Amino acid sequence: MKYQDQDLLDALAVDFILGAMKGAARKRFQRLMMANPEVRRTVWRWEQHLNPLAESLPVTVPNSAVWQRIQQRLGWLAPVATSAAVAKSGRYWLALATAASLLLAVVMLRPLLLSPVPQHIAVIQTSDAKAWWLVSKAERVLTVKATGAVNQEQLNDYELWMLPENGAAPISLGLLPQQGEQLLSWPDAAQGIAIAALAVSFEPRGGSVTGAPSGPVLFTAEIVTL
Amino acid sequence: MEQSQQQLLHWLYATAQGNKQAFEQLYQATSGKLFSVSLHLLRRNDWAEDVLQDAYVRIWHNAADYHAEKGSVMSWMISITRYRALDLLKSRRVKAEHLDISDAANDQSSDEVQPGEVIGLVRERVKLDDCMQGLSEEHRQSIQLAYFNGLSHQEITEHTGSALGTVKSWIRRGLTQLKRCLEA
């Protein structure tokens with residue numbers, strides 16, 4: 001076939017763009033685009049002619065989970081449970097907490113063992129065992145220390161949740177620091193409730209406004225009592 | 001609009017340098033339109049979301065390959081999305097049962113973003129509209145069905161009740177006329 005003929009090229013380019021060209025013909029044409037700059041330019045020109053048609057479409061804002069998944073695919077966020085699963089039950093998260101975190105907690109937080117006050121500690125870490133935060137609780141104060149591994153997010157916050165053992169809804173413990181150390185006070189709502197685990201969700205700046213995790217749950221961790 | 005093409009270009013250049021924040025801004029400014037493009041072709045929310053994800057992952061990786069000859073930034077991004085959606089349409093064998101042309105599939109459309117405001121296509125669109133107005137109704141409708149809904153020539157015949165040869169020639173003649181007008 002001769003591709004010098006501009007009318008023919010136009011027709012092929014349009015079929016390609018509209019999707020009318022299928023199967024082997026489409027593959028052949030894609031190869032031709034790579035090999036022949038004139039073919040390539042014709043397609044680009046027609047794309048410019050036709051794509052403004054899309055301007056008449058209404059804007060449809062995609063679910064915010066799409067942006068989370070894009071970031072996960074680009075490796076910017078740890079792969080995690082979806083927010084749909086989060087909504088189902090707190091129990092689901094417990095399954096995610098691993099024994100590995102317990103071991104690591106003991107090794108990494110040995111200095112805390114010297115503390116005279118009984119303590120609860122947890123290590124919040126990625127699935128490949130990189131610790132992001134060290135959490136310890138004494139009385140009603142939570143000390144949270146960010147490690148250098150935390151992905152710095154300027155437009156988002158990481159929110160810490162307590163998962164009650166009785167399966168009730170998660171209780172927010174506050175926002176986690178992205179660097180350095182921070183003290184959080186244990187909320188009244190969580191006082192006296194047995195803790196099954198901690199969880200961290202990825203939230204808009206300032207944290208969830210719904211009172212429940214609204215973004216994906218990135219981490220869960222069990223608590224060890226010393 | 002001149003400025004918004006500049007703005008998109010600015011974000012895309014920064015994206016090509018690995019700037020995540022610029023990429024997020026690009027996403028925020030353009031994803032509503034690209035999702036609409038994807039949704040119209042696929043008519044299923046979950047598939048349209050898959051395509052949108054693929055498209056942005058591709059945009060992130062290929063940002064440095066963009067150049068002006070490929071059209072405006074928005075046009076380039078629309079093409080990436082459309083081709084991905086067409087691939088999916090083919091592989092999942094979406095057939096006419098998903099199609100209801102009168103239903104605009106825009107239940108969730110938001111008027112927070114004014115169509116065309118942020119998006120860098122306004123001027124081209126005005127020109128295209130003018131040229132589309134110059135086409136006969138059949139020519140215009142066939143082109144729109146093929147472009148927005150990814151309908152094959154055969155599917156367009158089912159929709160318009162015309163013969164296959166007629167539809168083919170409508171599209172071909174319509175586009176020839178369109179090109180003359182656009183490139184005049």
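The following paragraphs describe a predicted model with two chains in contact, A and B, beginning with its confidence and ending with individual residues.

Residues are numbered from 1 along each chain as its sequence is written, and chains are lettered from A, with ligands numbered from 1, in the order in which they are written. Since the model is predicted, local features need a pLDDT of at least 70 and side-chain atom pairs count only at pLDDT 80 or more, while totals for chains, interfaces and linings use all residues. The pLDDT is the predictor's confidence in each residue, from 0 to 100; chain A averages 79, and 80% of its residues score at least 70. Over residues 81–96 of chain A the pLDDT is below 50, and this stretch has 27 contacts in the model beyond near neighbours in sequence, a contact being a pair of residues whose C-beta atoms, placed from the backbone, lie within 7 Å. Where pLDDT is low, the predicted coordinates should not be read in detail.

Chain A contains eight helices and nine strands, where helices (H or I, at least four residues) and strands (E, at least two residues) are DSSP runs numbered from the N terminus. Of the 226 residues in chain A, 39% are buried; a residue is called buried if 20 or more other C-beta atoms lie within 10 Å of its own, exposed if 12 or fewer do, and partly exposed in between, with C-beta atoms placed from the backbone. Among the contacts in chain A between residues at least 6 apart in sequence, 60% join residues at least 24 apart.

The contact between the chains takes 34 residues from chain A and 48 residues from chain B. On the side of chain A that touches chain B, helix 1 (6–18), helix 3 (37–50) and helix 4 (64–73) of chain A each supply at least two residues, and helix 3 of chain A gives the most, with six residues. By class, this side of chain A has 20 nonpolar, seven polar and seven charged residues, where Ala, Val, Leu, Ile, Met, Phe, Trp, Tyr, Cys and Pro count as nonpolar, Asp, Glu, Lys and Arg as charged, and the others, Gly among them, as polar.

In chain B, helix 6 (residues 137–149) has 13 residues and should span 18 Å at 1.5 Å a residue, which agrees with the 17 Å between its end C-alpha atoms; the expected span is 1.5 Å times one less than the number of residues. The buried residues of helix 6 of chain B, including B:His139, B:Ile143 and B:Phe148, pack against helix 1 and helix 3 of chain A, together with helix 2 (20–42), helix 7 (153–160) and helix 8 (164–182) of chain B. Just after helix 6 of chain B, B:Gly150 takes a positive phi of about 65°. The largest nonpolar core (a set of buried Ala, Val, Leu, Ile, Met, Phe, Trp, Tyr and Cys residues joined through C-beta atoms within 7 Å) has 62 residues, and those with the most contacts inside it are A:Ala13, A:Ile17, B:Leu42 and B:Ala146. Apart from it lies another core, of 32 residues, among them A:Leu77 and A:Val123.

Chain A also holds an open sheet of five strands in the order 6-3-2-1-9, with antiparallel pairing; two strands are taken to pair if DSSP finds at least two bridges between them. The edge strands of this sheet, strand 6 (181–185) and strand 9 (224–225) of chain A, each pair on one side only. Two bridges join strand 1 (residues 120–125) of chain A to strand 9 of chain A, and in strand 9 the bridge partner of A:Ile121 is A:Val224. Four bridges join strand 4 (residues 156–164) of chain A to strand 5 (residues 171–175) of chain A, which run antiparallel, and these two strands form a hairpin with six residues between them, where A:Gly167 in the turn has a positive phi of about 80°.

Two residues illustrate links between parts of chain A that are apart in sequence. A:Asn156 lies in strand 4 of chain A and counts as buried because 20 C-beta neighbours lie inside 10 Å; its C-alpha atom is separated by 7.0 Å from that of A:Phe202, 46 residues apart along the chain. A:Ala78, in the loop between helix 4 and helix 5 (83–88) of chain A, is partly exposed, with 19 other C-beta atoms within 10 Å. Not counting residues up to four places away in sequence, A:Ala78 touches A:Thr126, A:Ser127 and A:Leu218.
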